[in-house]
Amino acid sequence: MATETQIAFEGTAKEQELAARAFEVMKRKGMLFGANSPIKMTVESIAQALTKEGAPLSGEDPQALASKLEATLRKNKAVFAPGDKGEYVTTKAGHAPHSGGSENTHTFKDRLNTGATTLDQEASKEYAASLVSRTANRAERSAVMDTSVIEIPVAPQLRPSMAPTPALRPNETQTIIPQHLIPHPPVVEEEEEEEEAPAPPRTQEPVAPAAHAPAAPPRRAEEATGVPARPTTPAVPSTPVAPVPPTTSPAPPTSATPTMPTPQPRVTAPTTPGEAPTISTRPATVEPTTSAPATPVVQQPAAQTPAAAPAPTPAPTPVKPAPAAPPATPTYTGPVEVILLTEDGAINVDLRRSVDEILEDDALVAALEAMIERGISSDQRLIRFGSDIFPEEAVERFSKGDFRRIKEYLDEPETGGVASDRDIMAEVLNRRTDHPDYERVRFSVNYRLLKEKKDFEFVGIDSDRLWINANASPVAPPARKPAEIGQDYRFLEDPAITSVEEEGDAAGDAAGPLQYSLTYYEYENGLLPYDRRFKRIFPGQVFEDQRFSLLRFEIPQLFGALLAELRYPTGNRGGFIVGLNELFNEHMVPGARFTITPTDRGEDVFEVHFTRNEEQEDNLLQYDDRRGRYVFRPTAYTVETDPTMLLTQEKFGKLHNHKKLDDAERKRPDVIIANAFEAVGDQSEGRFWAVFEDIYPVVNIERPISKSWLKTLLSGAYPFFYEDDTTEGAYFYDPSKRPS
């Protein structure tokens, strides 16, 4: 019998078929193992898996099958190796451990030097001589190459005012300074000479100043040129910015007052070559010829009538203003706020707070994300993948050969049909994480693969980007078609259906453990609903057209893990998690109670915990495929259960030998609820009476119905279902009110 791995089994045709079925059971147990990792199972466990309900050999005696199975496994020692405690060991690659695989698996010799051969002594000597000959030839070719270097002197470009660079001594090292870094002396701007019209002829000779009288301070050369000048005569310091007030001088005790001379411009000789002379129009102070103390006399300029006409005030000398001091840094003591307008109102942001403190406000973070989103969506130059944004011109393109190699990599047994973008970068494109363009190329891989919808499908989340080949999945499909299951769960997307319990569970923002009780419909199909409670802890879709994401459920008590699909709601179909058949069918029963906990190992990694009790046995409801009816069979279990959800024969004995409803009736909730009343209700006066806790597990046998929706259907949605006013949580079903 040909299997997926094309293994040739030994023995007769029936023995080969039995060996293939045993191999499929063991491979399914180690679906998350490596290709060469050992998978161990006892013969009894394999026989139980092959004879359970729904298995290929269901209905046969497990003990009788175990003896045949052990003989078959011994004939195929190349695939099944005997282990300890009656176990048999194999691998997903289809060979016993250390029997079918090569010792050099995944080594550089096998991956990079597949054509390597072993040489004998003579051949190895010839190969060594050829290496020496090739080395000598390479050295000869290198010797004939011209390695001379011609130095081209480049004269430095200096400013005209710079002196030539002196010649260096032989033992000195020349230092080359770029031209723009050569310091230059400050350039002095020469001011134009200020000339005044010659003074009118004086009518009286000026009186020479006394030897002890101070002379008028000349304008210093540094005020005009910026270069300190050596004074030629003693000068009195003056403030050239403000006009000089009238100067008073002592007068003799007599009443005679000398006449003041006309102010003449004073020229100060320059102290450096090429400097312009400085002209000062400040009037000089004179004293009378008498040596007696003089009375103060107001200085007046010369005029036609010196005694009567006042002298005009001389114009101040233009002075270069001093550089302004830098403005002082303002100090803010009050709040620095920015107002963001949102649909819910204005949000004030105090910019004095740190970034971490500002981002603690969830409403503010949502407003900032919306603002950035609007800006990005309107810019056609930017493209995004999840939370990453890159300019379109920076995205790399890949060839058809690159896509073909990625597709082949996903088909390899070691990958299990799924790989992350980082695995593709390392194994296909040979890019290391320390490469400068690693993040840009990784973004390009995700963006380009998303465009190739005919060949690849995105099944990850934003923090863990996983890819599979199109129309393929590493998760086994459920017994029902996914489209039918989506139709059954479409009520989860109805906004009119609300649940007090679910709203209470989803009230918190932090994702925490979720306690759940398993229904028969979920147990039979190996799935869970994607309702409000699960939406709180499970990640959402990255793209609108994304069909599903892969989740990893780890079961620490079983030392194993499972891959499951989170199928998102689309159109008139609800969401659900599928792929938990092995966990439910092997270790749980309908009504089992367990807890799903998020982990810090990833947003798509969860742990499943359940409580083990002492083993007990009850007659539980099961479906007999051969008879097409529901029956009660003895079942032993150790998992903790919800007493109200456990379908025992003692409580729900009327369900024995009931047939499944056809598809048309199964889609009608009123038919399902009516059958539940007839199965668990007490009949009196043509009516059926039952409590809610008994109705809920029965209606979830044929199809999923939440508690909130069931309460809505029982409280007025149909006239033949109504509440019992005398008993809380009890309802009536009156078939006479039901239309024919």
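A residue counts as exposed when its relative accessible area is over 50%, and as buried when that area is under 20%. Phe559 has a relative accessibility of 78%, so Phe559 counts as exposed. This value, like the others below, comes from a predicted model.

The chain was examined as a whole. It has 740 residues, and 35% of them count as buried. Its secondary structure comprises 21 helices and 28 strands. The chain exposes about 46,700 Å². Carbon and sulfur atoms supply 52% of that area. Contacts between residues at least 6 apart in sequence were also examined. Of these, 60% join residues at least 24 apart.

Phe559 sits in the loop between β17 (548-555) and β18 (560-567). The two strands form a hairpin with 4 residues between them. Phe559 is not a glycine, yet its phi is positive, at about 55°. On either side of the loop, β17 and β18 pair in the antiparallel sense. The pairing runs over 8 bridges. Ile555 has Gly560 in β18 as its bridge partner. While Phe559 is exposed, β18 is mostly covered, with 7 of its 8 residues buried. β18 also pairs with strand β19 (residues 576-578). This pairing is antiparallel too and has 3 bridges. Here Arg567 is matched with Phe576 in β19.

A second positive phi was found at Asn657. This residue is not a glycine, and its phi is near 70°. Asn657 lies in the loop between α17 (649-652) and β24. Its relative accessible area is 30%, so Asn657 is partly exposed. The strand that follows this loop, β24, belongs to an open sheet of 3 strands. The order is β22-β23-β24, and the pairing is antiparallel. β22 (612-624) and β24 (658-659) stand at the edges. Each has a single partner strand, so one side of each is left without a neighbour in the sheet. Strand β23 (residues 629-639) is joined to β24 by 2 bridges. One bridge pairs Arg629 with Lys659 in β24.

Another open sheet was found in the earlier part of the sequence. It has 3 strands in the order β1-β3-β2, paired in the antiparallel sense. β1 (39-42) and β2 (81-82) are the edge strands; each has a single partner, so one side of each lacks a neighbour in the sheet. The link between β2 and strand β3 (residues 87-90) consists of 2 bridges. Ala81 is bridged to Val89 in β3. Helix α2 (residues 43-51) packs on this sheet and touches β1 and β3. The direction of α2 makes about 80° with that of β1.

Which residues of α2 are buried? They are Val43, Ile46, Ala47, Ala49, Leu50 and Thr51. These buried residues pack against β1 and β3, and also against α1 and α3.

The contact of α1 with α3 was examined next. Two packed helices are described by the angle between their axes and the distance between the axes. The axes of α1 (residues 13-29) and α3 (residues 62-75) come within 9 Å. They cross at roughly 95°. An angle from 65 to 115 degrees counts as roughly perpendicular, so α1 is roughly perpendicular to α3. On the α1 side, the contact involves Glu15, Leu18, Ala19 and Ala22. On the α3 side, it involves Leu65, Lys68, Leu69, Thr72, Leu73 and Lys75. The residues of this contact divide into 6 nonpolar, 1 polar and 3 charged.

Burial was also examined in two later helices. Ser444 belongs to helix α11 (residues 438-451). Its relative accessibility is 0%, so Ser444 counts as buried. What does Ser444 touch, leaving out residues up to four places away in sequence? Its contacts are Ala394, Val395, Glu396 and Phe398. In helix α21 (residues 707-717), the buried residues include Ser708, Trp709, Leu710, Leu713 and Leu714. An α-helix has 3.6 residues a turn, so residues three or four places apart point the same way. The buried residues of α21 pack against two helices, α19 (669-680) and α20 (692-699). They also pack against two strands, β27 (721-723) and β28 (730-733).

Key:
Residues numbered from 1 in each chain as written. Predicted model: local features only at pLDDT ≥ 70, side-chain atom pairs only at ≥ 80, totals over all residues. Heavy atoms only, no water. Buried < 20%, exposed > 50% of the residue type's maximum accessible area, 1.4 Å probe, protein only. Contact = heavy atoms within 4.5 Å. Areas by Shrake-Rupley, 256 points an atom, 1.4 Å probe, with all protein chains shown as cover. Axes fitted to C-alpha atoms, helices over the stretch in contact; angles between N-to-C directions. Parallel < 35°, antiparallel > 145°, perpendicular 65-115°, else oblique. Nonpolar A, V, L, I, M, F, W, Y, C, P; charged D, E, K, R; others polar. Pairing = 2+ DSSP bridges.
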